[in-house]
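Please look through the structure shown below and keep it open while you read. The paragraphs that follow lead through it step by step.

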Amino acid sequence: MTNTIQILSIEKTGKESSLQKEYNNKSIKIIDGYFFSTNLDDQKFTKISKLISNDVSQTILTKKNVNKVLSSYSNFNWVVEIKFLPGVTDNIATTVKEIIKDNLKSSFKSFELGSTKIILIKGRKEDITKISKNEANPLIQTIKIYPFKKYLNNFKKNQFKIEKVKLPKKKYSKKEINLNISDHQLSLIGKLGIEENDKSRRGTLGLDLESLKAIRNYFSTIKRKPTDVEIETLAQTWSEHCKHKIFSAKIDDIHEGIFKKYIKGATEKIIQLRKDNFCVSLFTDNAGGIEFNKDWIICHKVETHNTPSALDPFGGAITGIVGVNRDCLGFGKGAKPIANTYAYYLADPNKNYQLYRQKNNKDPMLPANFIAKGIISGVRVGGNCSGIPTPQGNVYFDDRFAGKPLVFCGTVGIIPKKIKGKLSHKKKANPGDIILMAGGRVGKDGIHGATFSSEELDPNSPVSAVQIGDPITQKKMSDVIIRELRDENLYSSITDNGAGGLSSSIGEMAKESGGFIVNLEKIPLKYNGLYPWEIWVSESQERMTLAVPPKNVKKVIKRFNSRGVEATIIGKFIKKEKAIVKYNKTEILNLDMEFLHEGYPKLNLKTSFPKIKKEKKKIIKKSSLIDKLHKLLSSPNIVSKEFIATQYDHEVQATSIIKPLQGEGRVFGNATAIKPLFDDEKSIALSQAAYPQYAETNPYDMAGCSIDTAYKNLIVSGANLKKIAILDNFCWCSSDEPDRLYQLKEAAKACYDYAVAYQTPFISGKDSMFNDFKGFDKTGKSVKISIPPTLLISSIGVVDKISHLTKITPDDDDILLVLGATRNELQDSVYSKIIGYEKSKNPVVNSKNALRTYKNFEKANKLRIINSAIGIDLGGLGIAVTKMAIASKKGLTIDLKLKNQISVDQFLFSETQSRILVSIKKNKLANFKKIFKASDYTIIGKCTGSDVIEFKDNKKIMRGKISDFAKSYKQNIRGL
Amino acid sequence: MNVLVLSGYGINCENETLHAFEVVGFKGKIIHINDLIQNPKQLNNYQVFAIPGGFSYGDDTGSGNAMAKKIMTNLYDQLIDFSLKDKLVIGICNGCQILINLGLVPSLNKKDAEVALIENKSGSYECRWVDVKVSNNKSPWLKNISTLSLPVAHQEGQFMIPINLLKSIKANNLIGLQYINHHKKLAKGQFPFNPNGSKDDIAALTNQNGNVLAMMPHPERAFYHYHIPNWQSKTIKKFGDGYKIFMNAKKFFA
């Protein structure tokens with residue numbers, strides 16, 4: 001009899017070697033453990049062990065052999081046992097249960113099991129404590145450290161325990177909330193949540209006093225008290241996360257709000273200016289859609305998952321990526337995800353910031369390197385397991401992300417324009433349609449995610465706000481929808497369950513029919529004991545909500561079930577504009593749809609001009625040009641991100657056509673391309689850009705630079721200038737402060753100006769307004785760390801022909817040219833940060849000149865005049881030149897005998913925007929000159945094919961070996 | 001000529017795998033494993049059984065294990081039967097891991113799994129292009145091919161083979177593909193040429209008949225010329241190296 005199965009790899013696993021290396025200790029071994037809620041007899045033990053292990057590479061530990069087997073590795077003395085807290089998604093356990101069920105069929109019915117990681121070490125207790133801190137997160141896992149002897153004893157005496165979710169057996173009775181209370185009491189409800197009978201609070205609702213008063217007024221008009229479910233639902237629906245109140249608020253004299261005026265306004269203006277509208281679906285659906293070719297639409301959506309990733313980096317990031325995949329599945333009738341994108345803005349992983357959420361060194365922020373590693377692997381597992389390529393991304397480091405990392409996850413999808421003769425991007429839940437929930441079950445995970453992501457991270461941030469994605473459950477569900485149900489036109493509408501769970505998805509979808517009735521007791525749960533309001537707002541992942549005509553319901557459910565996916569009827573859509581929720585026949589929510597969606601008090605925001613924190617002059621460190629290049633190349637924001645590119649599968653679906661690592665020398669590119677259809681050579685180019693480092697100096701210019709770079713990178717990659725769309729993701733801080741709102745308004749204004757200038761429409765966007773950390777440092781001093789305002793612009797464009805796709809590698813004897821003028825714009829540059837600067841300006845985009853460059857580039861590229869090209873961005877021309885040489889492994893000479901009033905360093909390191917470094921074949925120069933005016937380019941040198949880069953000025957020649965530059969560029973990022 | 005491409009539970013390369021077969025002249029169908037379990041007789045309609053890449057069951061309990069157990073419980077005899085006929089079976093990446101776990105390759109002792117695929121030596125997922133040489137050209141899948149340039153994308157691709165078995169594998173000529181370096185010599189375990197630290201640089205194994213091939217690299221992702229890294233700097237005609245594997249399947253039945 002035993003209640004555990006423990007499995008050991010015979011040979012050293014990759015994980016074991018990396019731990020051994022990291023802790024410089026050869027005596028580390030990892031056991032895969034499974035703890036069962038019941039005892040297994042010998043027969044079952046043998047059978048199940050065999051099912052979940054491999055007898056070639058693994059050993060199964062038994063009471064008899066455990067001591068002997070382990071002592072053959074080392075004389076272990078400490079053990080750490082890491083398992084998930086009850087209720088946290090345990091994907092491995094789910095699989096094991098499924099294997100057991102399939103093989104042992106009915107002989108083994110009711111049991112629980114949990115997967116466990118057991119790490120053994122021979123060393124000091126400090127070492128094991130350190131390992132446990134780096135390998136586990138106390139927010140989602142229990143960590144037990146004990147002596148090896150005790151481990152053996154546990155084994156002998158069956159003392160490994162699995163903890164089940166313990167929820168009190170509670171009978172629900174409808175709870176009415178009295179809102180006729182003092183303002184103070186009212187704001188406590190908003191901040192801490194509804195009070196339970198035992199005086200405890202449920203957790204933040206994120207509702208301000210004004211909103212609570214609006215709720216009070218509504219209920220006094222309809223002459224009854226609100227139920228707890230009603231208040232919870234309103235909190236979800238009205239959250240900043242769902243309603244984007246700041247973007248829609250009146251701000252100064254902008255009555256319609258900055259979203260309508262500057263973002264949507266830009267797109268409307270562009271559509272009006274252009275005769276060739278290629279936008280298909282804008283702002284209203286889960287993603288934005290543009291035309292790909294005559295038969296297909298592509299959509300793109302980028303989300304952030306910042307707060308969850310600060311608390312549980314792996315879980316936060318995996319949920320971020322599989323969540324945005326669902327946005328794609330929920331676009332129109334369901335688009336197939338064909339590419340993921342990512343962008344991480346992180347603190348320096350090599351620093352120890354020592355931040356605490358509470359006084360006296362309590363409740364610490366996770367270490368920066370733990371956060372960075374967790375985020376990188378979360379997106380890896382989410383993307384790779386879902387079979388969606390992840391070609392495009394970037395990482396940026398700055399101390400100001402120490403309190404909150406920014407995690408942007410994006411997905412591109414594709415859908416036929418018409419399905420069974422009907423436009424696929426249009427959907428409508430009809431009165432009488434059944435509400436079907438498909439996918440995973442509902443648990444306590446992610447309760448209050450939407451309300452809390454709108455709040456600052458402080459000690460009251462709820463732990464149940466963390467979810468862990470399960471990509472395989474989602475993949476199974478996604479396959480049924482995209483491959484089978486959609487094309488048979490079996491449902492009338494679909495949307496994903498993300499922030500706010502069912503309350504949000506059904507609430508939104510019901511706008512199409514009028515209203516809805518939901519029966520909460522029908523919803524399948526992960527475990528019993530959830531309150532109705534919890535079921536209603538839970539953000540348990542991997543669920544889609546479908547509106548299915550009654551005649552198709554049986555067929556749809558059967559199809560889901562036959563693919564191993566659960567699907568349940570939970571209510572129906574109605575014509576009446578009412579939101580109605582019942583629990584065991586008791587009506588617990590009954591709101592007017594109008595009030596539910598529009599009843600929140602509109603904000604009235606004022607901005608004020610901020611004090612500009614001017615970057616102080618920094619004395620330029622004396623060093624050679626070659627040395628400066630090495631310093632910049634090896635700095636974390638420029639150094640190659642190859643280690644991410646190779647762990648993210650970018651080849652799956654066989655669409656990768658411009659890969660993240662480019663040239664023989666493998667340079668991490670700033671744009672990538674996929675060819676999504678077998679029978680059309682049209683491709684999709686992707687890029688993105690953000691310049692948080694420019695934001696404090698001038699938010700308007702910062703936004704201009706982001707748009708320019710994201711747009712330029714696609715032009716450089718070969719996209720059709722008229723088929724580029726962009727997405728905005730604003731991540732702001734302290735958005736209740738007038739000077740931060742001023743910066744927001746300025747950035748949004750630039751969005752309008754530059755999008756309209758380039759005629760590149762916004763098709764989708766999202767904002768996250770309170771990325772601040774309020775807590776304490778190690779001395780107990782209270783600190784507030786705000787991220788720098790960050791605007792990520794993601795660009796998506798259509799490349800008409802494969803032959804338009806460019807490369808970044810020049811050939812021997814190519815002439816090198818810079819398109820666009822270079823100005824002294826070193827302020828806030830990578831150079832200024834590392835080397836210093838004297839007198840300089842921040843980069844400002846001149847859209848008129850830029851557009852001329854881009855149009856000419858496009859023309860020259862189509863005429864095959866351009867042989868290679870790279871967009872110039874961080875680190876300026878010097879870095880672009882070096883990257884070209886590293887990628888091609890071909891030497892270049894650069895002429896620095898400059899004619900204009902600019903120093904060598906300014907010329908090489910200024911981050912002046914809208915510039916492209918290109919190479920052309922000698923014999924194409926005449927043709928080149930027919931397109932470009934002399935003032936639009938500078939010839940700077942040529943490709944020699946040697947093994948060095950040479951920089952020549954009037955006096956001397958400076959040389960650096962390409963292989964040395966490559967070494968600097970490919971250095972590991974310290975701490976990762 | 002018909003190919004059955006398996007899908008379900010996290011397999012994810014079925015579309016591109018089917019496409020590759022179709023381009024060389026097969027007719028084919030993607031079939032969900034549950035449908036196949038419901039009606040295993042439909043296997044008779046097919047000459048090729050392909051298990052594509054993916055992440056069946058999220059690699060939990062070891063890549064390919066859970067799916068192999070599902071097949072073992074529900075389809076094992078039918079699949080063995082298929083492999084003993086004059087038909088072809090291929091497992092790519094996750095498919096390779098499944099075939100290895102099923103023991104369909106190398107199938108020397110006719111017991112479950114004889115070989116294991118364990119975590120890459122680097123400890124991380126490796127998505128990169130590698131060069132491999134064909135070590136066994138008696139397999140119909142690999143005839144008349146000398147070397148191939150293909151991508152790998154896996155976390156667990158390191159072949160682990162007990163020493164005696166390795167001897168018989170070599171004696172029986174069952175090593176399908178081996179990783180080579182830039183000089184076309186065996187990679188000798190050197191990263192990144194051998195991306196996972198695989199024993200004897202093994203990238204693929206076959207059964208004794210050679211009709212069952214379990215390979216870690218992805219031929220379907222190296223099918224067209226534009227799949228190849230830096231294709232713009234190269235003079236490649238329409239197809240990449242992966243095409244050759246699918247063409248060989250066609251030739252076998254032609």
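A good place to begin is a single glycine in chain B: Gly103(B), which comes just after helix α5(B), takes a positive phi of about 80°. This value, like every other one in this text, is computed from a predicted model. The helix before this glycine runs over residues 94-102 of chain B, and it is mostly covered, since 9 of its 9 residues are buried. The buried residues of α5(B) include Cys96(B), Ile98(B), Leu99(B), Ile100(B) and Leu102(B), and among them are also Asn94(B), Gln97(B) and Asn101(B). What do these buried residues of α5(B) pack against? Their partners in chain B are the strands β3 (48-51), β4 (88-92), β5 and β11 (212-215), together with helix α3.

If you follow chain B onward from this helix, you come to the loop between α5 and β5, which is the place of Pro106(B). Here Val105(B) and Pro106(B) are joined by a cis peptide bond, with omega of about -10°. A cis peptide bond also joins Phe191(B) and Pro192(B), where omega is about 0°, and Pro192(B) has its place in the loop between β9 (175-180) and β10 (202-206) of chain B. Both the cis bonds and the phi values in this text are easier to judge with some background: most residues other than glycine have a negative phi, and most peptide bonds are trans.

Chain B also meets chain A, and the contact brings together 50 residues of chain B and 49 residues of chain A. On the side of chain B that touches chain A, the elements that give two or more residues are the helices α1 (14-24) and α3 (65-74) and the strands β5 (116-118), β6 (126-134) and β7 (147-154). Of these, α3(B) gives the most, with 5 residues. Sorted by class, the residues on this side of chain B are 18 nonpolar, 21 polar and 11 charged. Two of the elements named here have already appeared, as α3 and β5 of chain B are also among the partners of the buried residues of α5(B).

Turning to chain A as a whole, you will find 32 helices and 42 strands. Its C-alpha atoms fill a box of roughly 85 × 75 × 60 Å along the principal axes. A compact globule of 976 residues would have a radius of gyration near 30 Å, and the 29 Å of chain A therefore agrees with that expectation. Of these 976 residues, 57% count as buried. Among the contacts in chain A with a separation of 6 or more, 81% are between residues 24 or more positions apart.

Chain A is divided into four parts, namely domain 1 (2-156), domain 2 (183-241), domain 3 (298-602) and domain 4 (807-976). The C-alpha centres of domain 3 and domain 4 of chain A lie 43 Å apart, and the contact between these two takes 6 residues from domain 3 and 4 residues from domain 4. The side of domain 3 that touches domain 4 has 2 nonpolar, 2 polar and 2 charged residues.

Two helices of chain A, α29 (residues 876-888) and α32 (residues 962-969), pack with their axes 9 Å apart and at an angle of about 105°. Because of that angle, α29(A) is roughly perpendicular to α32(A). The contact is made by Thr882(A), Ala885(A) and Ile886(A) on the side of α29(A), and by Ile962(A), Phe965(A), Ala966(A) and Tyr969(A) on the side of α32(A). Of the residues in this contact, 6 are nonpolar, 1 is polar and none is charged.

Helix α29 of chain A is also the place of Gly876(A). Is this glycine buried or exposed? Gly876(A) counts as buried, because it has 26 C-beta neighbours inside 10 Å. Apart from neighbours within four places in sequence, Gly876(A) is in contact with Ser829(A), Tyr831(A), Leu908(A), Phe909(A), Ser910(A) and Glu911(A). Lys47(A), by contrast, is 829 residues from Gly876(A) in sequence and 62 Å from it in space, C-alpha to C-alpha.

The walk ends with two residues of chain A that have a positive phi. Gln653(A) is not a glycine, yet its phi is about 75°, and it sits in the loop between α23 (642-645) and β26 (656-658) of chain A. Gln653(A) is buried, as 23 other C-beta atoms lie within 10 Å. Arg666(A) is likewise a residue other than glycine with a positive phi, near 55°, and its place is the loop between β27 (661-662) and β28 (667-668) of chain A. Arg666(A) is buried as well, with 22 other C-beta atoms within 10 Å.

Key: Residues are numbered from 1 along each chain as its sequence is written. Chains are lettered from A and ligands numbered from 1 in the order in which they are written. This is a predicted model: local features need pLDDT of at least 70, side-chain atom pairs count only at pLDDT 80 or more; totals for chains, interfaces and linings use all residues. Two residues are in contact if their C-beta atoms, placed from the backbone, lie within 7 Å. Helices (H or I, at least four residues) and strands (E, at least two) are DSSP runs, numbered from the N terminus. Ala, Val, Leu, Ile, Met, Phe, Trp, Tyr, Cys and Pro count as nonpolar, Asp, Glu, Lys and Arg as charged, and the others, Gly among them, as polar. Domain bounds come from an automatic or database domain assignment. Axes are lines fitted to C-alpha atoms, for helices over the stretch in contact, and angles run from 0 to 180 degrees between N-to-C directions. Angles under 35 degrees count as roughly parallel, over 145 as roughly antiparallel, 65 to 115 as roughly perpendicular and the rest as oblique. The radius of gyration is taken over C-alpha atoms; the globule rule is 2.2 Å times the number of residues to the power 0.38. A residue is buried if 20 or more other C-beta atoms lie within 10 Å of its own, exposed if 12 or fewer, and partly exposed in between; C-beta atoms are placed from the backbone.
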